[in-house]
Amino acid sequence: MKANIKLIGLGLIGAMAFASCSQDFLDEKKNYDNVNAEIYNDYQGADGRVNDIYSWSLPTTGDLSWKTPSMGANDMAASSTEEYAGLSVFVDPQNELSSGSTNNAVPDFFMATHNNIQEAVYGRIRNINDCIAGISGSSLPQEQKDILLGQVYFFRAWCYYNLVKWYGGVPLVDKVQEPVEGVFTPRSSAKECINFILEDLDRSAKMLYAETSHGGWSGSNYGRVTSGTAVALKGRVLLLWCSPLFNRANDQARWEYAYQQMSAGMDTINACGYGLYQASGLNGAAFSKQFLTSTKNSEAVFVTLHNNITGDGLDNQKNNRWERNIRPSNVTSFGAGYTPSRMMIDMFPMADGKIPAGAGTYTKLPKSDSAYNAKLPFVDRDPRFYHTFAFPGFRWAYNGDATVMNPNNPADSKNYTLWNYVWYVDVNDQGNPESGNSYAADNLLGSKRGVYVRKKSDDMDMNSSPLYQWDALTLKGAGPFFSSAPLIEMRYAEVLLNLAEVACATGHTTEAVGYLKQIRQRAGYEAGKEGLDGVDADQATCMSAILYERQIELAYEGKRFDDLRRWMLFDGGVGQEAIASSLQLTGWGGNTCTWLGFKPLNGQRRENIEFRTADKYGVGGTTYDSDPLVVAGVVRPEGVDLRKELKPQIETLALWYNENLVVNEKRGDGYDSNHNLLYMNFRPKYYFLGLSTAASTQNKDLEQTIGWEDNNNGNAPGTFNPLAE
């Protein structure tokens, strides 16, 4: 279904036959674009249209795009943070993004595919406006209208939030427009956009309150947004408006308003049944299990549901692909795992809750009394560490049989232990961080990672009834993990962290630290031993502790890049006045990094690590049975089991490492043509993106963002101030 999507009018051409809805909310999020207005007079028909809005608006497990925020994969956002190495387009020092050329083009989160209503940013908003108009003008009782409109207003706010965080002010279109010449919607100010979003969220919360404030949706309606979801997103939007990205002068009135609104909103959020997820188990089990609850989950404030139906492109097949992507290649044929950077591994807290003494990122935070051994990164760490990363020698059980894919794969899935240490086939390559002439144990061979991201994994030790169907043969080897695991875009922990931030900024530092303690206790810390003593004495230290907690608690959930932009942590916000005097950062002493005691990411590199066989074992071959440790008859210890006391198991594994393995640094970020090291460089203008060439071409009257070239005016400097009120 094609249509020309411009901001002179958002038209929709073509029609689609309406199909009746079932009662299954998940399976019936089909496409009902451009339905006949009469359908809105029937509740079931109108609900089908609302389900269509869900289908096009809910986050997915794919990489960052205009359709969905970053969700933890190694995409262009996450690989611009500490989480992954690799110089993405935002931090590439050699290639500056351009809005005046198709070479090194700035990512287009504004227009996307302009000639397809289903693939255009404002096409989605057009559908939402059509749905709002249809329901509002229907003959349904007001109570039913409110239930439906409350959900749709939320998604309009969600769409605009995802535009404003990138561009500042954008065109606000609140009704269906037809493609009539002379009709033009200019960019509104950032303040107008923020107020528009907040108004939609207030509408949503009010309309949904009666239906959802007694514990949320019931039965098959679970997964829909609630009054609490709207209030929680409102908190995130208010926090964005308070943060240095939008609040260059540190206007305290913004912080005070946000604190009052977000504090008052907690009653609604809690009334909808949300709270920190709790479960029994050792070593932070509740932290892991919160991602493995497909039924009603108190942590899941804003969630995308999935199912585990297998098939070849079936309409009702809505699988979560995260498990397929993160598992090692001797378990799944779909992905090969994600590699966390050493920077991220090194900066996780120690078991006492404090940052490792050698980590120089947060200089104002108290350092751990425990010595950090970079050769044995898994010793004595925060409980969440073991649910975020997977190292050689740790159990990672699953329900399946990988020998179906390859008979050389490990057979005992219920006791699967990751053994991904490597050996080299040439001794001269062993110390070369760029050499790929290595092979990994247990038939991983060339398809291996030195360390794996295991965050959000459906670990069978944590969940004895996995949410996936393990089907290695369906979809020609694209499986095997067809998972119904929910994808949580906003967790209750984030709600507390958002509130902690505004509490800190308004002087309520003890209250702010109290929220951090709640989160750490759920993660496995004993009350009174959270490692946060004294951080509430100073506002900058308290804010550093909050940002650090966000980085750890929300790791690999797609939130870090937004936090780095919000607080301008690539460079502290210096140099903004070179773009325009109105952008100068005057609050926080003119440098957020200095104020926080945070080492700017610009000018740093991220490397990776691996564990290889010790020199005494020599080299190996290219086959699974040429593993030097196996050839030498070395006995492996039992895999570390997170269901049991960790300390003795970790001590045993550490001794085995010291005897048999050596840590290697591997190339993370790149090199130039002369083999000189390259370092991250996030340009000052990137904090607000310019309109791409394609977007400018389709909307010739739109102002370009200052700091970017205006394709419609001979690449002259842009004139739109993203902070103008």
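Me: Where does Ser 243 lie in this predicted model?
Reply: Happy to start there! Two helices frame the spot: H5, covering 227-242, and H6, covering 252-271. Ser 243 sits in the loop between helix H5 and helix H6.

Me: Is Ser 243 buried or exposed?
Reply: The cut-off for burial is under 20% relative accessible area. Ser 243 has 0% relative accessibility, so Ser 243 counts as buried.

Me: Which side chain makes a polar contact with the side chain of Ser 243?
Reply: Let's look around this serine. Leaving out residues up to four places away in sequence, Ser 243 touches Trp 255, Glu 501, Arg 566 and Trp 588. A polar atom of the Ser 243 side chain also lies 2.6 Å from the backbone oxygen of Leu 239. The side-chain partner, at 2.7 Å, is Arg 566.

Me: Which helix gives the most to the largest nonpolar core?
Reply: That core has 196 residues, and Phe 110, Phe 155, Tyr 160, Phe 378 and Phe 391 touch the most other members. With 16 residues, the top contributor is helix H3 (residues 142-167).

Me: How many residues are in the other core, the one with Tyr 222 and Phe 291?
Reply: This core lies apart from the largest one. Its members include Tyr 222, Phe 291, Ala 300 and Leu 305, and the number of residues is six.

Me: How many residues lining the second largest pocket are charged?
Reply: This pocket holds about 500 Å³ of space. Its lining has 17 residues, with Ala 351, Asp 380, Arg 381, Pro 383 and Leu 646 nearest the centre. Seven of the lining residues are nonpolar and two are polar, while the charged ones number eight.

Terms used: Residues are numbered from 1 along each chain as its sequence is written. This is a predicted model: local features need pLDDT of at least 70, side-chain atom pairs count only at pLDDT 80 or more; totals for chains, interfaces and linings use all residues. Side-chain values use heavy atoms; hydrogens and water are left out. On a 1 Å grid over the protein atoms alone, a cavity is a set of points where a 1.4 Å probe fits but cannot get out, and a pocket is an open set with protein on both sides within 12 Å along at least five of seven lines; lining residues have an atom within 4 Å of a point. Grid points are joined across faces, edges and corners, and a volume is the space filled by probe spheres set on the points. Ala, Val, Leu, Ile, Met, Phe, Trp, Tyr, Cys and Pro count as nonpolar, Asp, Glu, Lys and Arg as charged, and the others, Gly among them, as polar. Helices (H or I, at least four residues) and strands (E, at least two) are DSSP runs, numbered from the N terminus. Buried means under 20% relative accessible area, exposed over 50%, partly exposed in between (1.4 Å probe, protein chains only). A polar contact is a pair of N or O atoms within 3.5 Å; within protein, one must be able to donate a hydrogen and the other to accept it, and residues adjacent in sequence count only if both atoms are side-chain atoms. Contact means heavy atoms within 4.5 Å. A nonpolar core is a set of buried Ala, Val, Leu, Ile, Met, Phe, Trp, Tyr and Cys residues joined through side-chain atoms within 4.5 Å.
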